[in-house]
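Morning, everyone. Please have a look at the model on the screen, and I will walk you through it.

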Amino acid sequence: MPNDDTMLITGPEDAFTTILLAHGAGAPMDSAGMTGISEALAGAGFRVARFEFGYMAARRSGSRRPPPKAELLQDEYRQSVNALAASGPLIIGGKSMGGRVASMVANELHADGRIAGLLCLGYPFHPPAKPQQLRTKHLGALRTQTLICQGTRDPFGTRDEVSAYSLSPSIEILWLEDGDHDLKPRKTISGFTAANHLATVAEATRDWVERVLAR
C-alpha cells in the first residue's frame, strides 16, 4: 500500500497546490522522465508527490510482476490520495497509465471535494498500432477539470487521431509539437528540445491550475 513515507516529494512545502503523480506501466517513479517532469513542475511553484503502485514497488526487491489492468489499480490511487493528506488544493494525475488510473477515480474524488483537477502526461488513448482499441469511453463523462499534455506524434494517440474523439468539455489538451509518448521532440525536425517541452508543460499547468482554482 502506498504511504507518505514511500513517496518522493519535490518542490516547496508551502506550495499553493500539490500535484500527485503516478508512473507509467513500465518505468518507476524515479525514472528520468518522472524526475524531469517533477522538477519542472516544482520549478513552477508546485509541490509534487510521486508514488508507486504495488507491482512496481515489488520490482525493487526482485519481483518482476507485470502491471495489472488499469481498472485494478484504482484503490491504490485512492489510498495514495489518503496517505498524502494534502492540506491545500490537490491535482492528481500521472504519466501514461498512471494518468489513466487517475482519470478513473477523478470524478468521485472531485465530487467529494478531495481534488481540484486532473493532469495527464501522455495519455494512452489506445495501445500503439491498435487505434481501434480505444481507452476513451469514460473520458466523455469526465466532469473534473482536466489538462492532458500530449505529443503530436504520440503512438498512443496522435493529434489527428485525438481530434476525432468525443471528449468531455472539461478536458483541455496541450499539444507539444513533434513530442513522442515521453513528450520528447526531435530537435532537428521540430526545433524544440525535451527541456523546452517540459518548461512549456510546467508553465501551461501553472496557468491552468490558476484558472481552475479561480472558478
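I will go from the sheet to the helices, then to the cores, the cysteines and a few single residues.

One thing up front: this is a predicted model.

Start with the sheet. It is open and has seven strands. Their order is 1-3-2-4-5-6-7. The pairing is mixed. Which strands sit at the edges? Strand 1, residues 8-10, and strand 7, residues 171-176. Each of them pairs on one side only. From one strand to the next, the twist averages 20 degrees.

As a reminder, strands of a sheet pair through backbone hydrogen bonds, either parallel or antiparallel.

Now look at strand 5 and strand 6. Strand 5 covers residues 117-121, and strand 6 covers residues 146-151. The two run parallel and are joined by four bridges. Here, Cys120 stands opposite Ile148 of strand 6. Strand 6 also pairs with strand 7. That pairing is parallel too, with six bridges. One pair to find there is Gln150 and its bridge partner in strand 7, Trp175.

Stay on strand 6 for a moment. Is it buried or exposed? Six of its six residues are buried, so strand 6 is largely enclosed by the rest of the structure. In a regular strand the side chains alternate between the two faces of the sheet. Here, Thr146, Ile148 and Gln150 point one way. Leu147, Cys149 and Gly151 point the other way.

On to the helices. Helix 3 is residues 74-84, and it packs on the sheet. It touches strand 2, strand 3 and strand 4. Its direction makes about 150 degrees with that of strand 2. Which residues of helix 3 are buried? They are Gln74, Glu76, Tyr77, Ser80, Val81 and Leu84. These cover an arc of only 165 degrees around the axis, so they lie on the same side of helix 3. What do they pack against? Strand 2, strand 3, helix 2, strand 4 and helix 4. Right after helix 3 comes Ala85, with a positive phi near 50 degrees.

Helix 4 is residues 97-111. It lies across strand 2, strand 4 and strand 5. Relative to strand 4, helix 4 runs at about 150 degrees.

Next, the cores. The largest nonpolar core has 34 residues. Within it, Leu20, Phe53, Tyr77 and Ile92 have the most contacts. Several elements give two or more residues to this core, among them strand 2, helix 2, helix 3 and strand 7. Which element gives the most? Helix 4, with seven residues.

Pick out Leu20. Beyond its neighbours within four places in sequence, its contacts include Met7, Phe51, Tyr77, Val81, Leu84 and Ile92. There is also a second, separate core of 23 residues. Leu21, Ala44, Phe46 and Ile91 are among its members.

Now the cysteines. How many disulfides does the structure hold? Zero. Take Cys120: the nearest cysteine sulfur belongs to Cys149, 8.8 Å away. A disulfide would need the sulfur atoms within 2.5 Å. Cys120 is buried, with a relative accessible area of 2%. For Cys149, the nearest cysteine sulfur is that of Cys120. Cys149 is buried as well, at 0%.

A few single residues to finish. First on my list is Arg159, in helix 5, residues 159-162. Arg159 is partly exposed, at 43% relative accessibility. Sequence neighbours within four places aside, it contacts Thr152 and Trp175. Arg159 and Glu177 are 18 residues apart along the chain. Their C-alpha atoms are separated by 9.6 Å.

Then two residues with positive phi that are not glycine. Ser96 has a phi near 50 degrees. Where is it? In the loop between strand 4 and helix 4. Ser96 counts as buried, at 10% relative accessibility. The other is Leu183, with a phi of about 70 degrees. Leu183 sits in the loop between strand 7 and helix 6. At 6% relative accessibility, Leu183 is buried.

That is the tour. Thank you.

Conventions
Residues are numbered from 1 along each chain as its sequence is written. This is a predicted model: local features need pLDDT of at least 70, side-chain atom pairs count only at pLDDT 80 or more; totals for chains, interfaces and linings use all residues. Side-chain values use heavy atoms; hydrogens and water are left out. Two strands pair if DSSP finds at least two bridges between them. Axes are lines fitted to C-alpha atoms, for helices over the stretch in contact, and angles run from 0 to 180 degrees between N-to-C directions. Contact means heavy atoms within 4.5 Å. A nonpolar core is a set of buried Ala, Val, Leu, Ile, Met, Phe, Trp, Tyr and Cys residues joined through side-chain atoms within 4.5 Å. Buried means under 20% relative accessible area, exposed over 50%, partly exposed in between (1.4 Å probe, protein chains only). The arc is that of the directions from the helix axis to the C-beta atoms.
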